[in-house]
Amino acid sequence: MYSLLTAFQNSVGRKILTGVTGIALTGFLIIHLLGNLTLFTIDYADADNAFNRYAHFLHDLGWLLYVAEAGLLTIFLIHAYLGVAIYLRKKKTRGTNYEVVKSRGGASKVGFSSRTMLISGSLLLIFTVSHVNHFKFGPGWSGEPEYTQQMNVGGETTEVRDLSKLVFETFNQQYEGAIFYVIGYVGIMILLGFHLRHGIWSALQSLGAMNKKLVPVIYAVAGTIGILIALGFLVLPIYIYFL
Amino acid sequence: MTINLRVWRQKNASTPGKLVDYKVEGVSEHMSFLEMFDHLNEQLMKKGDEPVEFDHDCREGICGSCNMVIDGQAHGPQKGTAACQLHMRHYNDGDTIVVEPWRAAAFPLIRDLVVDRSAFDRIQAAGGYISVNTGAAPDAHAVPVEKEDADVAFDYAACIGCGACVAACPNASASLFTGAKISQFARLPQGQVERERRVVRMVEQMEKEGFGDCSNFGECEAVCPKEISIQAIAEMRREYMKAIT
């Protein structure tokens with residue numbers, strides 16, 4: 001009776017789409033974090049390590065990887081577009097601004113994380129571009145010999161990118177400028193924590209997965225998950241810095 | 001006691017308004033917030049000034065007429081009440097209180113603190129009804145309704161359409177109002193006939209009226225004089241997804 005296309009021309013549809021893409025991005029973050037956790041265990045002097053093998057495995061997926069990347073980029077862009085669109089609309093819908101605004105507290109979720117979604121989101125968008133540029137398209141992307149290593153993969157000698165070397169050179173204290181990368185990454189990950197603090201529970205509410213009794217529980221659980229994800233990401237550069 | 005009021009005065013939508021200071025003397029702690037305005041208006045009229053226009057009717061928190069943003073909070077600082085149920089005993093002698101109208105592009109200002117809330121009526125008219133002939137009141141056990149559904153539907157039906165949710169929402173969204181009106185019917189057997197049509201039409205009308213997007217701030221629930229949960233908004237989205245898929 002009603003088509004999916006018309007749904008995204010109204011606020012409920014936009015909210016559902018923001019929630020779906022947000023959940024997908026959170027899922028991606030969790031997988032990304034799990035991959036990163038290998039960085040805690042490896043020997044950075046040896047290029048034949050779990051992190052490089054995992055990176056190679058992803059790279060080896062071929063067209064599947066391109067599909068995943070294209071999907072991820074689309075989801076990311078839709079999510080960012082909707083966030084900006086919602087913000088721009090709000091300017092129009094209020095009309096005249098209040099002279100005095102005060103949150104009632106209680107059931108309200110108005111706070112630092114909910115009020116700064118656009119700011120934290122925009123900074124995360126800029127960060128992501130620079131992050132992908134630095135690591136994915138950074139040294140070793142076009143097969144520079146100092147960032148590649150012959151490795152035995154599935155019985156065959158294969159040329160594998162030494163991505164853990166780049167990670168080490170970015171964050172370890174013996175390299176110039178590493179401290180700025182560490183501070184920058186920690187700062188951005190704190191913002192990510194705030195973004196997820198409101199984002200995860202908000203996505204569940206947007207998808208209708210809420211009832212009155214569950215709200216406080218899910219609000220708390222979603223907050224914890226958000227903080228854990230951010231914490232997982234931000235401890236890593238600090239750890240590598242002190243290696 | 002004496003209250004220093006800063007009230008939004010605006011002649012009409014096309015004239016710019018501003019906050020005007022009034023010193024209201026002889027305010028009794030027993031007065032309701034609206035009675036304090038009556039008191040102020042009497043003083044203004046005695047002086048030959050224009051009284052402050054404000055909406056009111058039942059003055060017992062059930063009609064949804066009064067609409068004042070008091071010190072930045074819709075209906076003032078008291079939980080679960082409308083402005084008419086706020087009493088001056090919560091204030092001290094010499095307090096300054098800022099009073100503004102609901103601010104939303106979809107609620108155009110008429111005069112002073114009075115805004116036009118007929119956008120809500122149009123959302124309601126778009127689908128907030130049932131067309132089945134219910135006939136005479138049936139026996140209580142003739143149409144079984146689960147206790148939880150009956151309770152939740154009743155909670156939603158407590159919405160008085162005051163518009164505080166819109167006024168308090170940082171985005172001026174009408175999601176709590178519309179959500180309550182949709183979900184109240186979705187929970188009950190009588191609401192099943194137009195169930196899908198209702199949610200789509202009411203959501204589209206909400207959009208047409210120029211209300212904002214919901215960002216799940218939850219401020220609406222905090223200021224709602226009937227304390228309606230944002231679960232109503234989650235249910236509206238669920239209903240919407242069911243209707244379009």
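Of the 245 residues that make up chain B, 47% count as buried, in what is a predicted model. Chain B holds 8 helices and 7 strands. Its radius of gyration is 20 Å, close to the 18 Å that the globule rule gives for 245 residues, so chain B is as compact as a globular protein of that length.

**Overall dimensions and contacts**

- Measured out along its principal axes, the C-alpha trace of chain B spans about 60 × 40 × 30 Å.
- Among the contacts in chain B with a separation of 6 or more, 71% are accounted for by residues that lie 24 or more positions apart.

**The open sheet**

- In chain B, 5 strands form an open sheet whose order is E2-E1-E5-E3-E4, and the pairing within this sheet is mixed.
- The edges of the sheet are formed by strand E2 (18–24) and strand E4 (73–74) of chain B, each of which pairs on one side only.

**Strands E1 and E2**

- Strand E1 of chain B, which covers residues 3–9, pairs with E2(B) in the antiparallel sense, and the pairing extends over 7 bridges.
- Within this part of the sheet, Asn4(B) stands opposite Lys23(B), the latter being a residue in E2(B).

**Helix H1 against the sheet**

- Helix H1 of chain B, formed by residues 33–46, lies across E1 and E2 of chain B, and the helix runs at about 85 degrees to E2(B).
- The strand E2(B) that helix H1 crosses in this way is also one of the edge strands of the sheet, and its pairing partner is strand E1 of chain B.

How values were computed:
Residues are numbered from 1 along each chain as its sequence is written. Chains are lettered from A and ligands numbered from 1 in the order in which they are written. This is a predicted model: local features need pLDDT of at least 70, side-chain atom pairs count only at pLDDT 80 or more; totals for chains, interfaces and linings use all residues. Two strands pair if DSSP finds at least two bridges between them. Helices (H or I, at least four residues) and strands (E, at least two) are DSSP runs, numbered from the N terminus. Two residues are in contact if their C-beta atoms, placed from the backbone, lie within 7 Å. Axes are lines fitted to C-alpha atoms, for helices over the stretch in contact, and angles run from 0 to 180 degrees between N-to-C directions. The radius of gyration is taken over C-alpha atoms; the globule rule is 2.2 Å times the number of residues to the power 0.38. A residue is buried if 20 or more other C-beta atoms lie within 10 Å of its own, exposed if 12 or fewer, and partly exposed in between; C-beta atoms are placed from the backbone.
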